[in-house]
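Trainee: Could you show me how to read packing in a protein model, beginning with a single side chain and moving outwards?
Mentor: Certainly; let us look at the model together.

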Amino acid sequence: MSSNNVASFNEARRVAIFGGTHGNEMSGVTLVNLWMMNSREEIQRKGVETQPFITNPKAVEKCSRYVDTDLNRAFTTENLSAPHGKDLPYEVQRAQEINRLFGPKGSSEAYDVIFDLHNTTSNMGCTLILESSKDHFNLQMMNYIKKAIAPDSCPVLLNEDPGLKYATARSVAKHSVGLEVGPQPQGVLRSNIFEAMRIILKHALDFIELFNEGVEFPPCTVDVFKVSERMDYPRDANGNIIAMVHPNLQDCDWEPLTPGDPMFQTFDGKTIPYEGAGAVYPTFINEAAYYEKQQAFVTTRRETLAANAIRKV
Amino acid sequence: MERERVYLPALSRVAVCGGTHGNELSGVHVVRERLKEKQQRVDDEEDEDVVSVSNILTNPRAVQQCRRYTETDLNRCFTRATLSSAVSDRTPYEIARSQELNILLGPKGSPQAVDLVCDLHNTTANMGVCVIAYSDTDWICLHIFKYLQHHMSDVPVRYIHFDLPCREAYSLDSLGKHGFALEIGPQPHGVVRSNVYTYMKTGVELMLDWVRLFNSGTVFAGGLVEVYTMVSAIDYPRERHTHNIMAAIHPELQDQDFCLLRPNDPLFETFSGATLRYQGPEPLYAFFINECAYYEKGIALSLARRRSVEVPPVQMKSGLEHPGDPGTSEEEED
């Protein structure tokens, strides 16, 4: 950190755009394939090497989330340092390869920025996912994107609690940005969702270009939703769910849920209310891929983060 | 002037089937819940009924894995050819399963087959509630549809007719003497939406209410119903070498199932923003718009003609021989 409370960063010269980290999340698969096979003009910016990349080609081929194990949970220290071998699950092999190409994670050779493109069946709109509240470069980028798409909104989800965060593909880079756009069913390409993701990415790349040109971004604040707790479905002794997200909660991502509000509805019609200590802001409500991860939704709390001014070194 | 009353035999045995596609979750949970409720009635010794209802998870392996199918689409395995093909230990799971189900619910086309099969499905398309059947003269299916439409007033209910003769019918519902699929959307695969589950559960209960009333001798008045008869399907434009899709359903068409698609209306939007338009000769009704499972079947949307069908009044009459064709009335036996 330099004087005058301005945070200095190196120019972001190497940027990657990941698609197909989950092979059935079609916006990212389609965008990255488009850029890899056709013109990259749209993602080119002066002084930036932008690399589109399909992270899980076998899962994309099968149009499934993963082949052996979830790639977006596979970038643990243990996996990345495991001895190489064909016996490793496919996604662990991929994680090691991606770490070699775009990392190594935590080193000075790692890519500057990785955008990882995801879809969700939840009604989350265009969500940006932040993994650290102290990444002033990312905070300034997200502030820039939010202002650029106003009055449309772009919630920022902060997931930095060590007990709740996970070892993502994008975590290999110095600055990791998750783009999560929904609602879209797995395996389906919706034109409006595709275009929304494209626009967010365009603004993100514009920000990087401006930063690299020497623009100083003044201090700002960013409203975020900080992940607080995972809520599972009620289940029976065999692990089968015995209730569904209540119709009053379904599709209400980012809206307040207060104690006493309906939360689940059993298959025979009874309401199960939310019984937390105070109001929370739920998200990832009814995401298809999270049934097997024991998650019906996550609760978040609103916070305002302060970002220092930033400029390039 | 109303048509003459048609007399049909009672529907003594009904099968409610879910999980034919293992990731279409409304049917999975409706069947599981019904099995639980049935067990409760048995425990409470309250199991008398004018109809015998079986609740079946038809593709348990796919349900367990939450996938549409494990090796091949079960709901295409009920043609006579597949049902009579030789089985070895290399036979795909779903083909072996279709033959088991044929023993359980059929044999297809025989007097031993169950009277009615109701197969529960979900779609990612915005289709509301649909009754899908092979016939537009099966008065049982059409009356059940009419009853559902009348009693489910907060959701659109439509009848889709796939005009295929019996010998080409490929889906599970063709095992019964009468059968239909109850298709409800939009719902992502692998997700259970409470409103869609409730529509499915209500639809099944209303169907069984109708069957009980019918079996008890109720006369159901005739009337006109609208039927959508499938005519054709359109695939996505695809790249020649990779076969990858090159465009998405146009934003003006997305979610507009059962709109009338006129020549020159927007159909697709390419990834460079160009609009591709419908080039067909006649206006047709679009449905199954952007169904996830149909990408691999080469279908972006399906097209139907719509017309009115006059459904006659029906009443159960006991002692009838099973009619050769559904919907014909029979002489009373002496």
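**Side chain, core and helices**

Trainee: With which residues is W210(B) in contact, leaving aside its neighbours within four places in sequence?
Mentor: In this predicted model, W210(B) touches L11(B), I140(B), H143(B), I144(B), Y147(B), F220(B) and V314(B).

Trainee: How many residues does the largest nonpolar core have?
Mentor: That core has 71 residues, and W210(B) is among those with the most contacts inside it, together with F297(A), L120(B), F180(B), L182(B), M207(B) and F214(B). Helix α6 of chain B, residues 194-215, supplies the largest share, 11 residues. A second, separate core of 70 residues includes L117(A), L189(A), F194(A) and Y278(B).

Trainee: How are the axes of α5(B) and α6(B) placed?
Mentor: The axis of α5(B), residues 139-151, comes within 9 Å of that of α6(B), and the two cross at roughly 125°. The helices are therefore oblique to each other, and the crossing is right-handed. On the α5(B) side, the contact is made by I140(B), H143(B), I144(B), Y147(B), L148(B) and H151(B). An α-helix has 3.6 residues a turn, so residues three or four places apart point the same way. The α6(B) side includes M207(B), W210(B) and F214(B).

Trainee: Why should helix α4 of chain B span 18 Å?
Mentor: Because its 13 residues, 93-105, are reckoned at 1.5 Å a residue; the end C-alpha atoms are 18 Å apart, which agrees. The buried residues of α4(B) include Y93(B), R97(B), L101(B) and L105(B). Among the elements covering the buried residues of α4(B) are β2 and α3 of chain B.

Conventions
Residues are numbered from 1 along each chain as its sequence is written. Chains are lettered from A and ligands numbered from 1 in the order in which they are written. This is a predicted model: local features need pLDDT of at least 70, side-chain atom pairs count only at pLDDT 80 or more; totals for chains, interfaces and linings use all residues. Side-chain values use heavy atoms; hydrogens and water are left out. A nonpolar core is a set of buried Ala, Val, Leu, Ile, Met, Phe, Trp, Tyr and Cys residues joined through side-chain atoms within 4.5 Å. Buried means under 20% relative accessible area, exposed over 50%, partly exposed in between (1.4 Å probe, protein chains only). Helices (H or I, at least four residues) and strands (E, at least two) are DSSP runs, numbered from the N terminus. Contact means heavy atoms within 4.5 Å. The expected span of a helix is 1.5 Å times one less than its number of residues. Axes are lines fitted to C-alpha atoms, for helices over the stretch in contact, and angles run from 0 to 180 degrees between N-to-C directions. Angles under 35 degrees count as roughly parallel, over 145 as roughly antiparallel, 65 to 115 as roughly perpendicular and the rest as oblique. A crossing is left-handed if the near helix is turned anticlockwise from the far one by less than a right angle, and right-handed if clockwise.
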